[in-house]
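This briefing introduces one protein model together with its ligand. Please look over the sequence and the structure before reading the points that follow.

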Amino acid sequence: MTTPATRPVPTTPVRSRAGFAANPARGRFNSAFFSVMGGYIDWHMHKRKVDAFADLPSDVVEVGSGVGANLRYLSHGTRLIAIEPNPYMHARLRRAARRRGVELEIRSVVGERIDLPDASAEAVISSLVLCTVSDPAAVLAEIRRILVPGGRFSFAEHVVAKSRTPTRWSQRILRRPWAWVFEGCSCERDLSSLIASAGFTSVDITPYRIHSPFVPFNTHIAGTAIA
Ligand SMILES: C[S@@+](CC[C@H](N)C(=O)[O-])C[C@H]1O[C@@H](n2cnc3c(N)ncnc32)[C@H](O)[C@@H]1O
């Protein structure tokens, strides 16, 4: 009797050639989570994203595209290069791009080492990514490197709350389980200061608050930085 071949299910993080440790269980969970919850999260951020992602050109680079939350802000026919190192996001991202009529190219590399030439992008976008990357300053330096002079980086991110507020306390208390579940996500990053000091020629940042049950996630910024 022959035993049917079974595909081994990886249980430990898989390090891709890009240096990203994809976790099979949490990678799949987050892919499903953002697919199911994406509409709800976007509903909270929609107004700010409409402003930040307005008038994008036909070629766009996105860092950390996930399952495609921002495809709805791109015009039909946009060519999108997605810097997305997590393989568990790719299938849903491809399906979403087909549905939205976006021409997608996925690069399985990290934002800290984008494999695009200097001054090759007119526009780079990100949402809910600088909280998760290992080195947000390095990612911002890469974004600036690949942008043409005058090119724009448009972002919508969640950030640390003001000190001595209930939201800040919740961010502090929940930081470890939050980072574990959401694959390294930190609610304690002062991304406004980081973007403002990243060497862009001009930066326009709007802080705002959402009212979701995910309290540590409720303090946000959106805006544009010009290279
Ligand atoms: C919280 S999800 C947000 C996804 C999507 N942008 C959204 O708004 O729903 C964070 C995304 O960043 C990606 N990511 C994590 N580390 C990264 C890195 N170093 N460089 C680029 N992307 C990264 C993850 O794989 C994930 O897709």
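In this predicted model, an N or O atom in the side chain of Glu84 lies 2.6 Å from an oxygen atom of the ligand. The points below begin with the surroundings of the ligand and then turn to salt bridges, aromatic rings, a surface patch and one histidine.

**The ligand and its surroundings**

- The ligand is surrounded by 20 residues, and the closest are Gly64, Glu84, Gly111, Glu112 and Ser127.
- Gly111 contributes a polar backbone atom, which is 2.8 Å from a nitrogen atom of the ligand.
- Gly66 also takes part through its backbone, where an N or O atom lies 3.5 Å from an oxygen atom of the ligand.
- On its own the ligand has 590 Å² of accessible area, and the protein covers 92% of that area.

**Salt bridges**

- Side chains of opposite charge can pair when their charged atoms come close.
- The structure has 10 salt bridges.
- One of them joins the side chains of Arg145 and Glu142, with a distance of 2.7 Å from N to O.
- Arg145 and Glu142 both belong to helix α3 (residues 136-146), where they stand 3 residues apart, about one turn of the helix.
- Glu142 is buried because its relative accessible area of 12% is under the 20% limit, whereas Arg145 is partly exposed at 26%.

**A network around Glu188**

- Which residues are linked with Glu188 in a network of salt bridges? The network consists of Arg168, Arg172, Arg175 and Glu188.
- Within this network, Glu188 forms a salt bridge with Arg168, and their closest N and O atoms are 3.0 Å apart.
- Glu188 lies in the loop between α4 and α5 (191-196) and Arg168 lies in helix α4, so this pair ties together parts that are 20 residues apart in sequence.
- Arg168 counts as buried, with a relative accessibility of 17%, while Glu188 is partly exposed, with a relative accessible area of 21%.
- Glu188 also meets the side chain of Arg175 in a salt bridge, at 3.9 Å from N to O.
- This second pair links distant parts of the chain, since Arg175 is in helix α4 and Glu188 is in the loop between α4 and α5, 13 residues apart.
- Arg175 counts as partly exposed, at 27% relative accessibility.

**Aromatic rings**

- A pair of aromatic rings is described by the distance of the centres and the angle of the planes.
- A search of the whole structure gives 10 aromatic pairs.
- Among them is the tilted pair of Phe29 and Phe33, with 5.7 Å between the centres and 35° between the planes.
- Both Phe29 and Phe33 are found in helix α1 (residues 24-52), 4 residues apart, which is about one turn of the helix.
- Is Phe33 buried or exposed? Phe33 is buried, with a relative accessible area of 17%, whereas its partner Phe29 is partly exposed, at 40%.
- The rings of Phe153 and Phe155 form another pair, with centres 5.2 Å apart and planes at 40°, so this pair is tilted as well.
- Phe153 and Phe155 are both buried.
- Ring pairs also create a cluster, in which Phe29, Phe33, Phe34, Trp178, Phe182 and Phe214 are linked.

**A nonpolar patch on the surface**

- Trp169, Ile173 and Leu174 make up a nonpolar patch on the surface, and together they have about 350 Å² of accessible area.
- Ile173, one member of the patch, is placed in helix α4 (residues 166-181).
- Ile173 counts as exposed because its relative accessibility of 67% is over the 50% limit.

**His90**

- His90 is located in helix α2 (residues 87-100).
- His90 is buried, with a relative accessible area of 9%.
- The side chain of His90 reaches the backbone oxygen of Asn86, at a distance of 3.4 Å.

Definitions and conventions. Residues are numbered from 1 along each chain as its sequence is written. This is a predicted model: local features need pLDDT of at least 70, side-chain atom pairs count only at pLDDT 80 or more; totals for chains, interfaces and linings use all residues. Side-chain values use heavy atoms; hydrogens and water are left out. Rings of Phe, Tyr and Trp (its six-membered ring) pair if their centres lie within 6.5 Å; planes under 30 degrees apart count as stacked, over 60 as edge-to-face and the rest as tilted. Helices (H or I, at least four residues) and strands (E, at least two) are DSSP runs, numbered from the N terminus. Buried means under 20% relative accessible area, exposed over 50%, partly exposed in between (1.4 Å probe, protein chains only). Patches are made of residues with over 30% relative accessible area and no salt bridge: like charges are joined within 9 Å, nonpolar side chains (Val, Leu, Ile, Met, Phe, Trp, Tyr) within 5 Å. Accessible areas come from the Shrake-Rupley method with a 1.4 Å probe; for residues, only the protein chains shown count as cover. A salt bridge is a side-chain nitrogen of Lys or Arg within 4 Å of a carboxyl oxygen of Asp or Glu. A residue is near a molecule or strand if one of its heavy atoms lies within 4 Å of it. A polar contact is a pair of N or O atoms within 3.5 Å; within protein, one must be able to donate a hydrogen and the other to accept it, and residues adjacent in sequence count only if both atoms are side-chain atoms.
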